[in-house]
Amino acid sequence: MIRLFAALSLPDEVAEALAPFQQNLRGADWRPREALHITLKFAGDLPGNLADDLDAELSRIGGAPLTLHLAGAGAFGEGRDIHAVWARVAPSAPLSRLARACEIAGRRAGLPPDARTYTPHVTLAYLNRPSPEAVAGWLSFAEILKTPDFRVDSFGLYSSWRGPDGSRYRLERSYPLDRRAETG
């Protein structure tokens with residue numbers, strides 16, 4: 001079994017622009033630079049044959065490079081059950097199409113549909129039963145977050161490995177965004 005997800009990596013300058021916002025929230029488990037990404041499709045733990053099928057389907061996705069930027073912040077969960085804070089990816093129709101194409105690729109490979117609404121974001125920290133007031137204060141502080149536009153010319157299939165210091169990610173395969181999708 002291998003834990004996989006499709007995602008966009010962030011350029012170094014964008015990750016560096018996020019660093020000032022990775023503070024001022026007590027008890028936050030701030031994500032290291034190498035963990036910052038925009039998830040397109042979480043696949044979960046897959047046996048090797050299903051991982052191969054997912055890779056084959058993702059390789060069929062085409063499209064033009066994307067221009068994105070981050071603006072603002074948000075959180076997942078409510079009250080003491082808030083479990084993550086994140087940087088918001090500004091709305092982008094091409095990004096939404098790419099995420100949808102990854103979802104369809106997952107279904108074609110045999111994965112169940114994702115019941116959650118796609119919310120493009122970069123997770124900055126995981127939280128464990130934080131003070132709702134502290135999270136509200138951080139969200140107010142982070143609302144000024146805004147990065148310059150950045151270009152994305154590929155997406156990747158990443159594996160996730162849990163260790164004593166948290167999850168580590170490894171790029172397993174890269175897919176260019178410089179061509180049309182295969183037909184068929």
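Select Ala-84 and Tyr-126: in β7, Tyr-126 is the bridge partner of Ala-84. The model is a predicted one, in which local features need pLDDT of at least 70 and side-chain atom pairs count only at pLDDT 80 or more, while totals for chains, interfaces and linings use all residues. Residues are numbered from 1 along each chain as its sequence is written, and side-chain values use heavy atoms, with hydrogens and water left out.

**The sheet**

Strands here are DSSP runs of E with at least two residues, and helices are DSSP runs of H or I with at least four residues; both are numbered from the N terminus. Two strands count as paired if DSSP finds at least two bridges between them.

Select β6, residues 84–89. Of its 6 residues, 5 are buried, where buried means under 20% relative accessible area, exposed means over 50%, and partly exposed lies in between (1.4 Å probe, protein chains only). β6 and β7 pair in the antiparallel sense over 5 bridges. Now pick Trp-86, which stands opposite Thr-123 in β7. Trp-86 is also the bridge partner, in β6, of Gly-74.

Add β5, residues 70–76, which pairs with β6 in the antiparallel sense over 5 bridges. Then move to β7, residues 121–126. β7 is mostly covered, with 5 of its 6 residues buried. β2 pairs with β7 in the antiparallel sense over 2 bridges, and the bridge partner of Trp-30 in β7 is Ala-125.

What is the order of the strands in the open sheet of 4 strands? The order is β2-β7-β6-β5, with antiparallel pairing. The edge strands are β2 and β5, since each pairs on one side only.

**Helix α4**

Select helix α4, residues 132–142, and colour Val-135, Trp-138 and Ala-142, which are buried. Why do they lie on the same side of α4? They cover an arc of only 60° around the axis, and therefore share that side; the arc is that of the directions from the helix axis to the C-beta atoms. Glu-133 and Ser-140, on the other side of α4, are exposed. Show β2 (29–30), β5, β6 and β7 again: these strands are included in what covers the buried residues of α4.

**Two loop residues**

Go to Glu-143, in the loop between α4 and β8 (150–152). Glu-143 is partly exposed because its relative accessible area is 45%. Leaving out residues up to four places away in sequence, Glu-143 touches Gly-72, Ala-73 and Arg-88; contact means heavy atoms within 4.5 Å. Ala-73 is 70 residues from Glu-143 along the chain, yet their C-alpha atoms are separated by 5.6 Å.

Next select Arg-31, in the loop between β2 and β3. Is Arg-31 buried or exposed? Its relative accessibility is 8%, so Arg-31 counts as buried. Not counting neighbours within four places in sequence, the residues in contact with Arg-31 include Thr-123, Leu-124, Ala-125 and Tyr-126. Gln-22, Leu-36, Ser-167 and Tyr-169 are also in contact with Arg-31.

**The largest pocket**

A pocket is found on a 1 Å grid over the protein atoms alone: it is an open set of points where a 1.4 Å probe fits, with protein on both sides within 12 Å along at least five of seven lines, and its lining residues have an atom within 4 Å of a point. The largest pocket has a volume of about 920 Å³, a volume being the space filled by probe spheres set on the points, which are joined across faces, edges and corners.

Select Thr-39, Phe-42, Asp-114, Arg-116 and His-121, the residues nearest the centre among the 31 that line the largest pocket. Then show β1 (2–9), β3 (37–46), α3 (93–109), β7, β9 (154–163) and β10 (166–176), each of which supplies at least two residues of the lining. The lining divides into 12 nonpolar, 10 polar and 9 charged residues. Nonpolar covers Ala, Val, Leu, Ile, Met, Phe, Trp, Tyr, Cys and Pro; charged covers Asp, Glu, Lys and Arg; the others, Gly among them, are polar.

End at Asp-114, in the loop between α3 and β7. Asp-114 counts as partly exposed because its relative accessible area is 30%. Apart from residues up to four places away in sequence, Asp-114 touches Lys-41 and Glu-103. Asp-114 and Lys-41 are 73 residues apart in sequence and 8.5 Å apart in space, C-alpha to C-alpha.
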